[in-house]
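Trainee: I'm new to this one. Can you walk me through it?
Mentor: Sure, have a look first.

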Amino acid sequence: MNRLEINLPGLHLKNPVMPASGCFGFGREFGSLYNLSDLGAIMIKATTVEPRFGNPTPRVAETSAGMLNAIGLQNPGLEKVLNEELPWLAQYDVPIIANVAGSTEEDYVEVAKRISTAPNVHALELNISCPNVKTGGIAFGTIPEVAKSLTKKVKEVSEVPVYVKLSPNVTNIVEMAKAVEDGGADGLTMINTLLGMRLDLKTGNPILANKTGGLSGPGIKPVAIRMIYEVSQQVSIPIIGMGGIERAEDVIEFFYAGASAVAVGTANFVDPFACPKIIKDLPELLEQLGFDHISECTGRSWK
Amino acid sequence: MIVNENCTIVSQKEIAANIYELILRGELSAEMKEPGQFVHVKVADGHDPLLRRPISIANINHEKKEFTLIYRQEGRGTTLLSTKKESETVDILGPLGHGFPIEETEPGETALLVGGGIGVPPLYELSQQLVSRGVKVIHVLGFQTKEAVFYEDKFMELGQTFVTTVDGTYGTKGFVTDVMKDLSFDTIYSCGPKAMLKAVEANYAADKKVYLSLEERMGCGIGACFACVCHTADDPTGFSYKKVCTDGPVFRAGEVVL
């Protein structure tokens, strides 16, 4: 019996565990460590129309139970992703979720239109929540009407279902979720990082060259759980949950909160084998907890 | 191949002021070949600190399946690591990165190994491998002060060794470059503070083969997180980049922007 196989809009997944965008590059580094076909899916690094170098270094700073990053959407640009990265990933039997980013609506539309035609791209993840770029990113993810409008425009051109990645840096996450659902989103992914900052003890200066960065890692898990709990009861589209997942127990907790699949982010940096370990541990944990299938866990906290 | 293993501590001791020598035993030592590679160390279980610490490999002993890390106890992570005792285990990921190309110095030629402070350790494995190849080695090792000097005897066994200290309390007063100008050699291999690497590059890269090992804050250490990127020298403000963790940490001088 396969306790882990699930179906979501555009996605038939062997298991509900995938690496989160920005924490896995385009898979090459991990491809030399284990078989990427073992993953449920892969959320590739955010792609923009033009190549981006990203922010100056230092780009990461550690915190207790987490890390701040301000990479700044470094990526080789749409052409290279289409011509080199996605064809390379096609050797694996794993659906790709392409994270789409940009500075303007037109940018998002352009990337979405073209990248959604790649044969192994089965869904898009609309990145309206990156806190580390001056234009675009989170600017689209904090005003419901703006997020809705962008979702609508991207939906019009995308050949595959569109998931919208929500930012936790808002007062009312449910309002944001409903807005993108109205805009036609097929699913949600949440949460992106929380905006944070660290200062150097000796100089008093910010550690990150970008001054602020996105907080990820186990420390943000309760925030993610709370937001998924709230949103999942107010929308009718599925949620891919993320935020501090590092073991099978965390996955179950996200499902209880209302997620239908999960993504693993920062844990890949600490243990590059985190995803396959979680996938391996899940069936036994489900057995112990008395579930025949992982989908039975979704929304148990609602009752 | 990159391996993740809990390695056993053979010994750990403070060999200079706040400088620790940690000898570990593990099967992953079999994967260690190039001098100048590093391992990514989880200094403690749990979430604080969360990330690993990159530490260069100072010595490889394939026969005993051991390897040596030398690090400066400074922040929270290295302080925790320094409290670990013999027979305890340490979670190691490695070996990582590309090291020094020993084949760039022919047998019979002379290599100058220039280290600064906590950049000295990887030069020890490098020097041994160069000597095995029949290369003559000269070492110039720079430290802040007398109490910070380590491994001078070990380097002396392999070749001529000069020590400098900034405050003049040991060896020649000044910087490594003050000693280098009087030496003749074919190649330079260097690891140390960025100011030192810049000086070495500025003075010698034009007419010598110079290889520099860089240090940068890292996240994953395997090339996935893009924390440790630097611009390439031929495109200093553009989109080309190198990752210190996987393309480096060793680069030929002039390859990347220091």
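Mentor: One term before we start: contact means heavy atoms within 4.5 Å. And keep in mind that this is a predicted model.
Trainee: OK. What covers the buried residues of α6(A)?
Mentor: The cover includes α5 (173-182), β10 (187-190), β13 (239-242) and α7 (248-257) of chain A.
Trainee: And which residues of α6(A) are buried?
Mentor: Among them are A:Ala224, A:Ile225, A:Met227 and A:Ile228. A:Val231 and A:Ser232 are buried too.
Trainee: How far apart are the end C-alpha atoms of helix α6 of chain A?
Mentor: They are 16 Å apart. That agrees with the expected span, because 12 residues at 1.5 Å a residue should span 16 Å.
Trainee: Switching to the sheet. In what order do the strands run?
Mentor: In chain A the order is β3-β14-β13-β10-β9-β8-β7-β4. These 8 strands form an open sheet with parallel pairing. β3 (17-19) and β4 (42-47) of chain A are the edge strands, each pairing on one side only.
Trainee: Which helix packs on the sheet?
Mentor: Helix α2 (residues 78-89) of chain A does, touching β4, β7 (96-100) and β8 (121-127).
Trainee: How many bridges join β13(A) to β14?
Mentor: There are 3. A:Gly241 has A:Val262 in β14(A) as its bridge partner.
Trainee: New topic: A:Asn15. Buried or exposed?
Mentor: A:Asn15 counts as buried, because its relative accessibility is 3% and the cut-off is under 20%.
Trainee: What does its side chain reach?
Mentor: The side chain of A:Asn15 reaches the backbone nitrogen of A:Val17 at 3.0 Å, and that of A:Gly40 at 3.2 Å.

Terms used:
Residues are numbered from 1 along each chain as its sequence is written. Chains are lettered from A and ligands numbered from 1 in the order in which they are written. This is a predicted model: local features need pLDDT of at least 70, side-chain atom pairs count only at pLDDT 80 or more; totals for chains, interfaces and linings use all residues. Side-chain values use heavy atoms; hydrogens and water are left out. Helices (H or I, at least four residues) and strands (E, at least two) are DSSP runs, numbered from the N terminus. The expected span of a helix is 1.5 Å times one less than its number of residues. Buried means under 20% relative accessible area, exposed over 50%, partly exposed in between (1.4 Å probe, protein chains only). Two strands pair if DSSP finds at least two bridges between them. Axes are lines fitted to C-alpha atoms, for helices over the stretch in contact, and angles run from 0 to 180 degrees between N-to-C directions. A polar contact is a pair of N or O atoms within 3.5 Å; within protein, one must be able to donate a hydrogen and the other to accept it, and residues adjacent in sequence count only if both atoms are side-chain atoms.
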